[in-house]
Structures are given as C-alpha cells and as structure tokens.
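Work through the exercises below with the sequence and the coordinates open. Each task is followed by a solution in steps.

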Amino acid sequence: MKKYLEVFLSILTAMGGFVEIGELVFTVNAGAKFGYSLLWVVLLGTVGIIVYGEMAGRIAAVNQDPVFYLIRERNGYALGLGTLIAANIVCLLTCAAEIGGLALVLKLLVGGPYRLLVLGALLFLLLAVWFLSFQAIERVFGLLGLLMLVFVFSAIYLHPDWTQVGRSLLPNLPHVESPRDYLVYAYFCVALMSSIMLPYETYFYSSGAIEEKWTEPDLWINRTTSYLGMGFGSIVSMGVLVTSAVVLGPLQIRVDSYEQAALMFVPAFGRWAVTLFACALGVGCFGAAIEITLNAGYVLSQSFGWPWGIDKARRDATRFCTAFTVVLLLSVLIAVVGFDPLQMTLISVALTVVIMPLVVLPFLVLMNDHQYVKQHKAGPLANGFLAALTIVGALMALVVIPLEIFGG
Amino acid sequence: MEEHGLTRTIDVVHDVLDKHIVDRNGREMGRVDGISVELRGGAPPRLAEVLIGASVLGSRVNAVVGRWVQGVEHGLGIGEERPVRIRFSHVDEIGDKVKVDLAVGETGSETLERRLRTWILKIPGSR
C-alpha cells in the first residue's frame, strides 16, 4: 500500500515538475498568438520527454548509473566537460529565471520590492534543500502539484471547440497574416519543444531513481511514473495553451508580463484569477528551482566522482552540498543583478535545444549497448524517434533562433 | 591483469581513464583524471600511477587551463596534495569502476571534502 502511495506521489511530482516558467511563458504566448495550432508540438515534446525520461530511469534502475555518470566515461573528457559546462550554464540561467519568477509571484501576492523578494525566495529554497529529505521534497511538491489542475479546469470551463483542439494535435500550419509569421511559428515550435524536453528533468529523474533506490523489479514504477506523470503534465500544459487561446487569443496581445498572463484566468475564476495564477506559477517555479539546484549538485558530483545524494548526511557529501549551494547563490546573484526573468528564460530555452544532441545521442548509443543494458535495450522506434527529434530540433534552432533574435 | 588464471588485456585509455575510482569500501574517490607512465632507461615503460585531480584533467584540455586550475587548487589550500597519486600496484579491480585496495582516508582525495566539512557542520541543522 505504501509503495502505491509513493508511486502516486511520484506521478504527481512528475506532473507538477512538467510545468515551469519557460514552458509556461511559451505555452501562454503560443496560445495567444496561434490559437490551438501548436498543441501538436506539446504532444510531440511530451512523447519525446517520456521516451527519454523512461530510458534514463531504466538505466538508473538497472545499472545504478545516472545519466551524467556515463557522459564523460563514454564520450571522453572533452565532450564530457563541454556537456557539463553547457548543462551548468543552462542550470544557472534556468534557475535564475525560476527564482525571478518566484519573486514576481511573491510580488503579485504580497507586494514589495523585487530584489527583497528574490532574497525571500532564496531563503525558502535554502530551507527546502537543506532540511528536506528527497522523499519529503517529493511529497510536498507532489501535493502542491495538484494545484496545476486549475489550468485543466479552466480549459474545460471555457468550452473550447473540441474538434479544433483534436485536429491541432496533428501537425498543422495556421492561417497567418504575413509570411514573417511562419518564422515566428517555427520559432515557437522549437522553443516550445525545448521548454518541454528540458534535459535537466532527465538528469534529475535518473538521479532521483537512485536516491529512491530503484532496482530492476521497480522498472514498472519507472514506466508508470514517466508515462502517467509526464502525460498528466502534458495535459496541464495543453490546458494552459487552450485557456490562453480562448481568452487571450481574441485580444491580440503579446504577453510580456505575468500580470497579463494572469488575465487568462478571469473568465473561469473571476476575482481569484490573479491569486490562483500566481500560486500555480509559484508552485511550478519553486519545484523547478529545487530540482535545478539539486541537479547542479548531481551533475557536478557525478562528473567528478564525488559522493552525492540529498539523503546522505551532509557531512558525507560536502562537495555535493557546496556545489548546489554555490549554484543556487549564483543564480540568485544573476536574478538580483536584474536580468529580466523572461529574457533569461528565452536564453536558457535557446541554449537547451542546441546542446540537446550532445546529451541525447551518446545516451542513445549507450541504450543500445547490449553488454551494458542487457535485455533492457531501447527499441528501434524509440531510438529513431528520439534521435530524429533532437537532431531536427537542434538544426531548426540553429537556423530559426538567430533569425528570430536578429530579426527582432 | 590476471583473472581466473587467464590474462585479460586492458585498454588503458578506454577501460581506466575517466572511470570512477572507489576505495576498498566502495566509497567514491573521484575519477581517473590521468595516468602516469614510468620511463625506465633500457627497460620498457611501465604504468606507474593513476592520478586524481582537476588540474590533471585541466591540463589534458590545455596546458594553460591546467595551470589555471592548479592556481585555484592552491588558492583553496589543497594544492600541495594535488594531484592524488595512487600506484598501480594498489589497483585491485578494473571493471565498471576502478577499485583500489586503499581507504579514502589514506589518500589525499578527500582533503577538500574534509575541509568543507568543518564549514558545513557549522550550519544549523547539518548532520
């Protein structure tokens, strides 16, 4: 019984962890600008992250090796270091964006100067990572993650055109006013995909599998958590997109602040709109910030061979603790210096998609190494799908992102 | 390396370099960041030590990076003990990980860990 409760909480955590600031920014804007049209990208990205996450969990459960253990060993030190540096830069920027988001949430809820609120957010985060065990973190965020269902509720309440919603789950091109909008559409495809398939989620997920001591008989937990948790997460994201498409789409506005984004809750929740939106965003940012912080500790420790684990006594994993604390403090510094959280999100999402093949392709090679994973090898469908998705994503990003940035 | 009476050939770069290294109790000591070879006049060269240390890794990237990392290690006050050198005669097993017959405490690989411990234990609630 206890085991089932834990699985249930893992599913909720995976669902809550699915929605974070970058994902929310792009999904809200995607709905506001292109209606339901980009739903297929959410679906495609979800299948991608489920396949990738499930494989990472499988390796961790079968061989007790988290993803980053293997990158340097199998790719050599140069590529290993490159990936480590890129992953940490992405971690820093994403974490700074989440902390900035958290401060803005506090501002919406209680008011006060931004910088002071960033420090408030830091205090919350430090207390959580220092004093909670892995299981406690999972329980707290699993239960808070239920709050994300407000997006699904809101989408259903608005009675969207379900036929149109269904059609948009297949690749399609929207009707646009100028040819330039096709470039914007391509940019959104790449960015939305990247914000869903964040590699940190899989590093965290596979490290978490080891923290939770999964072994081969627990593979069903891995499958259930990744399929259902990320699947439900995707439904939440679709709820965000549909709500935004119905409410913000007709207003023809470009959402560049959270106050504006919160407007999409007004039809469903009236005067509670801003509070509920802020709480949901806050839960997303807080969960993601904790995952990213710990993740920085995980990837550094695994790359350099230090003892690691949030459940280890702090005295037995001091480099791990120092690493995640330093990364958290640096992220706060970036957030305090005053980069706009939205800008940081855009940069981190762009960087993420470009480094994806570096992380995913060597991982796939390993997933096909019979000696290593034995009968748990990846199937041809999963292999082809994941390889194609990351390569096409990165190539598209290399073309589309510079065009979008330099084209204003 | 002898194993069950059979001789097994090890590819030093593929099977040893960059692998995790654990002590006799299975505790992580780091990664094999470098390997040193002894040149003996007349006799064939011999594998001498496995090296652990960020500066060794840095110098594999580039000599300047190596020196820079060494500077950081000196700044942290652990420069004297880096890189950690473990004689090949202490290597017990080469598999998924490299296992040595020493304990972490007998090498300098935990100096930074120990130094940080004194700080971390001052933080309320640390255990």
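**Exercise 1: a serine in a helix**

Task: Locate S154(A), and determine whether S154(A) counts as buried or exposed.

Solution. S154(A) belongs to helix α7 of chain A, which runs over residues 149–157. The model is predicted, so the values here are computed from its coordinates. The next step is to count neighbours: S154(A) has 26 C-beta neighbours inside 10 Å, and because the cut-off for a buried residue is 20 or more, S154(A) counts as buried. Then list the contacts, leaving out residues up to four places away in sequence: S154(A) touches G239(A), T243(A), F265(A) and A268(A). As for S244(A), 90 residues from S154(A) along the chain, the two C-alpha atoms are separated by 9.9 Å.

**Exercise 2: positive phi outside glycine**

Task: For Q64(A) and D18(B), state where each lies and work out the burial class of each.

Solution. Begin with Q64(A), whose phi is positive, near 60°, in a residue other than glycine. Q64(A) sits in the chain A loop between α3 (39–63) and α4 (67–110). Within 10 Å there are 14 other C-beta atoms, so Q64(A) is partly exposed.

Turn to D18(B), likewise not a glycine, with a positive phi of about 70°. D18(B) is found in the loop of chain B between α1 (12–16) and β3. D18(B) counts as buried because it has 23 C-beta neighbours inside 10 Å.

**Exercise 3: checking a helix length**

Task: Test whether the span of α10(A) agrees or disagrees with the span expected from its number of residues.

Solution. Helix α10 of chain A covers residues 199–211, which is 13 residues. At 1.5 Å a residue the helix should span 18 Å, and the end C-alpha atoms are 18 Å apart, so the two values agree. For its surroundings, 13 of the 13 residues of α10(A) are buried. After the helix comes K213(A), with a positive phi near 60°.

**Exercise 4: the nonpolar cores**

Task: Find the residues with the most contacts inside the largest nonpolar core, and the element that gives the largest share of this core.

Solution. The largest nonpolar core has 147 residues, and L38(A), I99(A), L192(A) and A289(A) have the most contacts inside it. The largest share of this core comes from α4(A), with 19 residues. Take I99(A) as an example: beyond four places in sequence, its contacts include V118(A), A121(A), L122(A) and A289(A). A second, separate core has 17 residues, among them L17(B), V32(B), V56(B) and V84(B).

**Exercise 5: the fold of chain A**

Task: Decide whether the radius of gyration of chain A agrees or disagrees with that of a compact globule.

Solution. Chain A has 18 helices and 0 strands. With 408 residues, a compact globule would have a radius of gyration near 22 Å; chain A has 20 Å, which agrees. The C-alpha trace of chain A spans about 55 × 50 × 50 Å along its principal axes. Of the residues of chain A, 54% count as buried. Among contacts in chain A with a separation of 6 or more, 85% join residues 24 or more positions apart.

**Exercise 6: the contact between the chains**

Task: Describe the side of chain B that touches chain A by element and by class.

Solution. The contact draws 21 residues from chain B and 18 residues from chain A. In chain B, β3 (20–22), β4 (28–31), α2 (54–61) and α4 (111–120) each supply at least two residues of this side. α4(B) gives the most, with 5 residues. By class, the side of chain B has 8 nonpolar, 4 polar and 9 charged residues.

Terms used
Residues numbered from 1 in each chain as written. Chains lettered and ligands numbered in written order. Predicted model: local features only at pLDDT ≥ 70, side-chain atom pairs only at ≥ 80, totals over all residues. Contact = placed C-beta atoms within 7 Å. Helix = DSSP H or I, 4+ residues; strand = E, 2+ residues; numbered from the N terminus. Nonpolar A, V, L, I, M, F, W, Y, C, P; charged D, E, K, R; others polar. Buried ≥ 20, exposed ≤ 12 C-beta atoms within 10 Å, placed from the backbone. Expected span 1.5 Å × (residues − 1). Core = buried A, V, L, I, M, F, W, Y, C linked by C-beta atoms within 7 Å. Rg over C-alpha atoms; globule rule 2.2 N^0.38 Å.
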